[in-house]
Amino acid sequence: MRLWHESLIPRLPRAQLLGQHREIAALRGNGWGRRHATVNYVFTHSPYLLYRFHILVMDEMHARGYRPNERWYDPLYRGTSCEPYVELTPCDISTPIYPEHDDRYLRECLDNLAGKGIVL
């Protein structure tokens, strides 16, 4: 499980883009707080940041003609098997959304993709 560096979202191949949507949906739902070495940093931030990152992914999906479930655009929504948040306070958003998505992380993501035979 990985969140791709946000600058790569518009360039991700179909499989990685759709996989990113599935992984974020899982993290927003019952996966929230479940430790995974690659995404543990997500849990040190408000879940609102993950929602906003998800918006970037879904907007790219829409731009490519895919139709993610519109319910995911609700910041309180957490999937069909997870109770929604009662409240989720918006917080300031920076660019990139996650400060961990620095140049080193971008290189790590590019190397990961290259290992799959994907060169962006």
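A residue counts as buried when its relative accessible area is under 20%. By that cut-off, 45% of the 120 residues of the protein chain are buried in this predicted model.

The fold is helical. Three helices and zero strands make up the secondary structure of the protein chain. In sequence order the pattern reads α-α-α. The radius of gyration is 14 Å, close to the 14 Å that the globule rule gives for 120 residues, so the protein chain is as compact as a globular protein of that length. Its C-alpha trace spans about 40 × 30 × 25 Å along the principal axes. Contacts between residues at least 6 apart in sequence were also examined; 70% of them join residues at least 24 apart.

The surface was considered next. The accessible surface of the protein chain amounts to about 6,700 Å². Carbon and sulfur atoms account for 50% of this area. The protein chain carries 15 positive and 14 negative charges. The mean positions of these two sets are 7 Å apart.

The interior holds two separate nonpolar cores. The largest has 25 residues. Leu3, Val42, Leu50, Phe53, Val57 and Tyr98 have the most contacts inside this core. Helix H1 (14-28), helix H2 (47-63) and helix H3 (103-115) each contribute at least two of its residues. H2 gives the most, with five residues. The second core has nine residues, among them Tyr51, Ile55, Tyr85 and Leu88.

Leu50 illustrates the packing of the largest core. Beyond its neighbours within four places in sequence, Leu50 is in contact with Leu3, Ile24, Leu27, Arg28, Trp32, Val42 and Tyr98. Of these partners, Leu3, Val42 and Tyr98 are also listed with Leu50 among the core residues with the most contacts.

Tyr48 belongs to helix H2. The relative accessible area of Tyr48 is 9%; the cut-off for burial is under 20%, so Tyr48 is buried. Leaving aside residues within four places in sequence, Tyr48 is in contact with Leu88, Thr89, Pro90, Cys91 and Ile93. One of these partners, Leu88, is a member of the second core. Tyr48 and Arg28 lie 20 residues apart in sequence, with their C-alpha atoms 9.4 Å apart in space.

Helix H3 contains Leu113. The relative accessibility of Leu113 is 0%, and Leu113 therefore counts as buried. Not counting residues up to four places away in sequence, Leu113 touches Trp4, Leu8, Leu12, Gln16, Ile118 and Leu120. Leu113 and His36 are 77 residues apart along the sequence and 19 Å apart in space, C-alpha to C-alpha.

The loop between H2 and H3 was inspected at two positions. Pro96 lies in this loop. A cis peptide bond joins Thr95 and Pro96, with omega at about 0°. Asp74 also has its place in the loop between H2 and H3. Partly exposed residues fall between the cut-offs of 20% and 50%; Asp74, with a relative accessible area of 36%, is therefore partly exposed. Apart from residues up to four places away in sequence, Asp74 touches Arg28 and Tyr51. Tyr51 is itself a residue of the second core, while Arg28 is also a contact of Leu50. Asp74 and Glu108 are 34 residues apart in sequence. Their C-alpha atoms are 31 Å apart in space.

Arg11 sits in the segment before H1. At 42% relative accessibility, Arg11 counts as partly exposed. Once neighbours within four places in sequence are left aside, Arg11 is in contact with Arg64 and Leu120. Leu120 is also touched by Leu113. The C-alpha atoms of Arg11 and Glu70 are separated by 23 Å, and these residues are 59 apart along the chain.

Terms used. Residues numbered from 1 in each chain as written. Predicted model: local features only at pLDDT ≥ 70, side-chain atom pairs only at ≥ 80, totals over all residues. Heavy atoms only, no water. Helix = DSSP H or I, 4+ residues; strand = E, 2+ residues; numbered from the N terminus. Rg over C-alpha atoms; globule rule 2.2 N^0.38 Å. Buried < 20%, exposed > 50% of the residue type's maximum accessible area, 1.4 Å probe, protein only. Contact = heavy atoms within 4.5 Å. Areas by Shrake-Rupley, 256 points an atom, 1.4 Å probe, with all protein chains shown as cover. Lys, Arg positive; Asp, Glu negative; His and termini not counted. Charge placed at Lys NZ, Arg CZ, Asp CG, Glu CD. Core = buried A, V, L, I, M, F, W, Y, C linked by side-chain atoms within 4.5 Å.
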